[in-house]
Amino acid sequence: MTKELRFSRLIASVVELGDQSFEPQRFTNQPVLLTGTADVLASDNGAEMARCALLLLMRMTKSLTVALPAGQEALKRELRGWALQHAWDEVPQFICDPVDLSSYAAILSIGGGPRADFPWTVITSDGWTVRVTSTAAPVSQNCELSNPVGALAAASLGAGEVFKRLLGLREDKGLFLDGCVFSLWSYVADGASGPALPDVLDVDLLLAGGGAIGNGVAHLLSRLPLRGRCHILDRQTYGEENWGTCLRLTRSGTKDPKANFLSALFTGNLAAHPVRGQVEQLEEDPAWQTPPIVLSGFDNIEARHAVQDLWPDLIIDGALGPRLECQVSAHPWPSRTACLCCIFKLPAGERAEVVQQLMTGLSPAALAEPMRLLSEVDVAAAAPERREWLAEQVGKPICSVLEAASALSAASIDAGFRPSVPFVATFSACMMVAELVRYLTTGAVGVEPRFFLSLLWGPQFGEHYSEDRHRNCVCTTRAANIKKVRAARARA
Ligand SMILES: [Zn+2]
């Protein structure tokens, strides 16, 4: 599809989401501006949003310009260093204010007022709360409470808005964020910053999977005040195609084993232990001890099942989908919450049409018209057990109902879950690390087991999906054995 392997997954997303008239190869040639206000860039969050936005945007366009206001020389030097370190061929260009705003296809501003007269998006972040606007609605400029997770989440949403502009996203396929406020701590439009990060967090972790999500998670772990140990496991080596989706991957890193490359990101009090291998092999090593918390960033069902088979105290899993879906799920033991094997089932090999009918309960006739709005008549003709849920979807395009239904049915979405654009992976990573910090500081998780959203529509339309353990899943049928294994491990 493209000779530039590094953009292959991005271009695949463009083909999937863009109009047929859109020439996909044109996407990465469009000029994008990254800028910001002196006040916001002077804050920790402002500088961190700038670093993250730079790293994300340079994986989406070959023509990125950075223009910082006067007095930001130190940040400018630092960003230039990050740009050089992470660039493939095209290094972002750094220019001085004032800038001719009319020459850009998309502009991302760290702080500032809305500019509806330009393709302009503003992001800010305060603690766990992120704010994004691409319309005339302003967002709060308060960025006081430092939090690298919130900063990356804001940059991810901002990069998502740039993606929509470069794609020329049609109105029926998604929404530009309109004064959007979202808290990673409460999962709602919450203006409160949430709790401050502690000075130190003691951890013993396994990060399983070093792809796009694992790369974002490792970045966040390296930015948090963590102390302790983190094993990083992946059997693969990075390739050129990973550069376009992995926040921190450098060109030279595309020849490195994923586990080793990510381990090198940790420089503080968190000791990294790279493991080149498969999850299934871990317990063959008599010296191996599964840490209490496992962060899972794999993109396939088999690997997720292998992670669950470690039966740690807590698994936090991140997932993403081709229509900019992001998901976090948390699976504590003991609890009644569905495990990873419950929610990620191997596909039974059914035809797509059958799966869609099963998921939505809609008739084949309704499913044949995906752009039509769902009507009361469709609901009446649907399978009885789905009518109550469908009644709440009346007035939405049938295709978006299908998306929402697929969110309810992990079995069907998972077959298409593949990394595609960098900002979706980083947003999933932010939700995972928010759950990690919540668990470390409160002993609880905020999802039972998962929260799901599509960045096409925005986090304000994200939803919780609660699910208990399945009676026919190993977490129930083998519960006694799992308890024994865990008890033996605790004694060891
Ligand atoms: Zn289960």
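**Entry 1. Aromatic rings**

I began with the rule for ring pairs: rings of Phe, Tyr and Trp, the last by its six-membered ring, pair if their centres lie within 6.5 Å. The model I examined is predicted. With this rule I noted that ring pairs link F22, F27, F163 and F423 into a cluster. Over the whole structure, the search gave 12 aromatic pairs.

I then looked up one pair, W128 and W185. Their ring centres are 5.0 Å apart and their planes stand at 35°, so I recorded the pair as tilted. I next asked where W128 and W185 lie in the chain. W128 is in the loop between strand 5 (120–126) and strand 6 (129–133), while W185 is in the loop between strand 7 (180–183) and strand 8 (201–208). The pair therefore ties together parts that are 57 residues apart in sequence. I found both W128 and W185 to be buried.

**Entry 2. Charges over rings**

I looked for charged side chains over ring faces and recorded two cases. R59 lies over the face of W243, at 5.0 Å from the ring centre. R304 lies over the face of F344, at 4.0 Å from the ring centre.

**Entry 3. The zinc site**

Which atoms coordinate the zinc ion? I found the SG atoms of C339, C342, C473 and C475, at 2.2 to 2.3 Å. The angles among the 4 donor atoms run from 101 to 119°, and the site is tetrahedral. I wrote the spacing of the donor residues in sequence as C-x2-C-x130-C-x1-C. Within this site, C342 and C473 link distant parts of the chain, 131 residues apart. C342 belongs to helix 11 (residues 340–343), and C473 to the loop between strand 15 (463–466) and helix 19 (474–477).

I also checked whether these two cysteines are buried or exposed. C342 has 1% relative accessibility and therefore counts as buried. C473, at 7% relative accessibility, counts as buried.

**Entry 4. The sheet of 8 strands**

I traced an open sheet of 8 strands in the order 10-9-8-11-12-13-14-15, with mixed pairing. Strand 10 (270–275) and strand 15 stand at the edges, each with a single partner strand, so one side of each has no neighbour in the sheet. From one strand to the next, the twist averages 15°. I reminded myself that strands of a sheet pair through backbone hydrogen bonds, either parallel or antiparallel.

For the parallel sense, I looked at strand 11 (residues 293–296) and strand 12, which pair over 4 bridges. Here V294 stands opposite I315 in strand 12.

For the antiparallel sense, I looked at strand 13 (residues 325–332) and strand 14 (residues 449–454), which are joined by 5 bridges. In this pairing V328 stands opposite F451, and E325 stands opposite S454. Strand 14 also runs antiparallel to strand 15, with 4 bridges between them. There I noted E463 in strand 15 as the bridge partner of F452.

**Entry 5. Burial within the sheet**

How many residues of strand 12 (residues 314–320) are buried? I found 7 of its 7 residues to be buried. In a regular strand the side chains alternate between the two faces of the sheet. I saw L314, I316, G318 and L320 point one way from strand 12, and I315, D317 and A319 the other way. The residues of both groups are buried.

In strand 14, 6 of the 6 residues are buried, so I described this strand as largely enclosed by the rest of the structure.

**Entry 6. Backbone exceptions**

I kept the general rule in mind: most residues other than glycine have a negative phi, and most peptide bonds are trans.

I recorded two cis peptide bonds. One runs from W333 to P334, with omega near 0°, and P334 is in the loop between strand 13 and helix 11. Another joins E448 and P449, with omega about 0°, and P449 lies in strand 14.

I then noted two residues other than glycine with a positive phi. For Y187 the value is near 65°, and this residue lies in the loop between strand 7 and strand 8. Y187 counts as buried because its relative accessibility is 5%. For L324 phi is about 60°, and this residue lies in the loop between strand 12 and strand 13. L324 is buried, with a relative accessible area of 0%.

Definitions and conventions:
Residues are numbered from 1 along each chain as its sequence is written. This is a predicted model: local features need pLDDT of at least 70, side-chain atom pairs count only at pLDDT 80 or more; totals for chains, interfaces and linings use all residues. Side-chain values use heavy atoms; hydrogens and water are left out. Rings of Phe, Tyr and Trp (its six-membered ring) pair if their centres lie within 6.5 Å; planes under 30 degrees apart count as stacked, over 60 as edge-to-face and the rest as tilted. Buried means under 20% relative accessible area, exposed over 50%, partly exposed in between (1.4 Å probe, protein chains only). A charge sits over a ring if NZ of Lys or CZ of Arg is within 6 Å of the ring centre and within 35 degrees of the ring normal. Donors are N, O and S atoms within 2.8 Å of the metal (3.2 Å for Na, K and Ca); water is not among the atoms, so sites may look incomplete. Four donors count as tetrahedral if all angles lie between 85 and 135 degrees; four count as square planar and six as octahedral if opposite donors are over 155 degrees apart and all others between 65 and 115; anything else is irregular. Two strands pair if DSSP finds at least two bridges between them. Axes are lines fitted to C-alpha atoms, for helices over the stretch in contact, and angles run from 0 to 180 degrees between N-to-C directions.
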